[in-house]
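Subject: Structure for you to look at, with notes

Dear colleague,

I am handing over the structure below, and after it you will find my notes on what turned up when I went through it. Please read them with the model open beside you.

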Amino acid sequence: MDFLRPTTWQEALAAKADQPEAVPIQGGTDVMVEINFDVRRPVALLDLGTVAELRTWTMEDGTCRVGAAVPYTRIIEELGEALPGLAQASRTVGSPQIRNRGSVGGNLGAASPAGDSHPPLLAAGAVVEVESRDGGVRMIPADEFYLGVKRSALRPDELIRAFHLKPATGPQYFSKVGTRNAMVIAVCSFALALHPEERRVGTGLGSAAPTPRRALEAEDFLSRELDWDSRLDPTLLGRFGELCARAASPIDDVRGTAAYRRHAIAVLARRTLTWAWNDHRGRRAA
């Protein structure tokens, strides 16, 4: 197994272009597990740990650009107010050690349906910045990034450089179900983002389909029917949960049945909407 260790972004792009089969590694929280269990045996590892620009974030023109290697811990500590849904999801990732090493960029690269960062990225309308030496920069909306189980829109010679998210303009919440309270892969997860000024709602489902996905019918329904200046109608709340569950296409596996996942998605949708709505009403009253 070759081990490639570029020190700059341009060197990383050149290494990936010359050896497209090289597997990028930053924190190693996914890749090393697969190697240790002999699930994967790449011909080369492309270590991005010394590429400093991947570990920075900026706020420009009303959008937050977060480098692919910014760890979950920094998202929680430095971006919790601007990106609350993603920060909430980051708090549920693994252990403190994993949160110190793992990153959203790594989650995107793995493209697992159960990745905790995917639902809030979808709900808040993230855009993924990727680049190759010969093809330049591409900006891929999050809802076009996931193509299948652990398959993404990345081309063989591309690397993830950053993701872009606008700071929250309303409440954002994330919730997940697991077989225990910590260090667990989600049985299913759900994220919600309210955009009161636009009268719009965003959703994200995790571990409930072959790819992370939005509940588009539920978003349209809630954006159309929600009275932003009144109380939350229990009938509307229930219908929203039903539509979110209908957007799922889960499987039976060792962590849960398809039927349970659909039920849980409906519960999580109602729960996060209730939290978000109470938050929204509280801000209006303040």
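In the hairpin of β4 and β5, where two residues lie between the strands, Asp-61 takes a positive phi near 55°. Please keep in mind here and throughout that this is a predicted model. The two strands of that hairpin, β4 (residues 57-60) and β5 (residues 63-67), pair in the antiparallel sense over four bridges, and Met-59 has Cys-64 in β5 as its bridge partner.

There are two sheets to describe. One is an open sheet of three strands in the order β1-β3-β2, with parallel pairing. Its edges are taken by β1 (2-4) and β2 (23-25), each of which has a single partner strand, so one side of each is left without a neighbour in the sheet. On average, neighbouring strands of this sheet are turned by 25° against each other, direction ignored. The parallel pairing of β1 with β3 (residues 44-47) runs over three bridges, and the bridge partner of Asp-2 in β3 is Ala-44.

The other is an open sheet of three strands, ordered β11-β12-β13, and its pairing is antiparallel. Here β11 and β13 stand at the edges with a single partner strand each, so one side of each has no neighbour in the sheet. The twist from one strand to the next averages 10°. Between β11 and β12, which run antiparallel, there are six bridges, and Phe-174 stands opposite Ala-191 in β12.

Against this sheet lies helix α11 (residues 258-285), which has 28 residues and reaches 41 Å from its first C-alpha to its last, close to the 40 Å expected at 1.5 Å a residue. Its buried residues include Ala-258, Arg-261, Ile-265, Leu-268, Leu-273, Trp-277 and His-280. What do the buried residues of α11 pack against? Their partners are the strands β11 (172-177), β12 (188-195) and β13 (200-206), together with the helices α9 (216-225) and α10 (234-247).

Helix α10 has 14 residues, and the 20 Å from its first C-alpha to its last is close to the 20 Å expected at 1.5 Å a residue. Among its buried residues are Leu-236, Leu-237, Phe-240, Leu-243 and Cys-244, and the buried residues of this helix pack against β12, β13, α9 and α11. The axes of α10 and α11 come within 8 Å and cross at roughly 135°, which makes α10 oblique to α11. Their crossing is right-handed. On the α10 side, the residues that meet α11 are Leu-237, Gly-238, Phe-240, Gly-241, Cys-244 and Ala-245, and their counterparts in α11 are Arg-262, Ile-265, Ala-266, Ala-269, Arg-270, Leu-273 and Thr-274.

A further helix pair can be set beside that one. The axes of α3 (residues 72-79) and α4 (residues 84-91) come within 9 Å and cross at roughly 135°, and α3 and α4 are therefore oblique to each other. In this pair, α3 passes α4 in a left-handed crossing. The contact is made by Tyr-72, Ile-75, Ile-76 and Leu-79 of α3, with Pro-84, Leu-86, Ala-87, Ser-90 and Arg-91 on the side of α4.

Two single residues complete these notes. Val-104 is found in helix α6 (residues 104-110) and is buried, with a relative accessible area of 0%. Leaving aside its neighbours within four places in sequence, Val-104 is in contact with Ala-68, Val-70, Tyr-72, Ile-75, Leu-86, Ser-117, Leu-121 and Phe-163. The C-alpha atom of Val-104 is separated by 26 Å from that of Ala-245, which is 141 residues away along the chain.

Is Glu-34, in turn, buried or exposed? This residue of helix α2 (residues 31-36) has a relative accessible area of 17%, and because buried means under 20%, Glu-34 counts as buried. Its contacts, again leaving aside neighbours within four places in sequence, are Val-39, Arg-40 and Lys-150.

With best wishes

How values were computed: Residues are numbered from 1 along each chain as its sequence is written. This is a predicted model: local features need pLDDT of at least 70, side-chain atom pairs count only at pLDDT 80 or more; totals for chains, interfaces and linings use all residues. Side-chain values use heavy atoms; hydrogens and water are left out. The expected span of a helix is 1.5 Å times one less than its number of residues. Buried means under 20% relative accessible area, exposed over 50%, partly exposed in between (1.4 Å probe, protein chains only). Contact means heavy atoms within 4.5 Å. Two strands pair if DSSP finds at least two bridges between them. Axes are lines fitted to C-alpha atoms, for helices over the stretch in contact, and angles run from 0 to 180 degrees between N-to-C directions. Angles under 35 degrees count as roughly parallel, over 145 as roughly antiparallel, 65 to 115 as roughly perpendicular and the rest as oblique. A crossing is left-handed if the near helix is turned anticlockwise from the far one by less than a right angle, and right-handed if clockwise.
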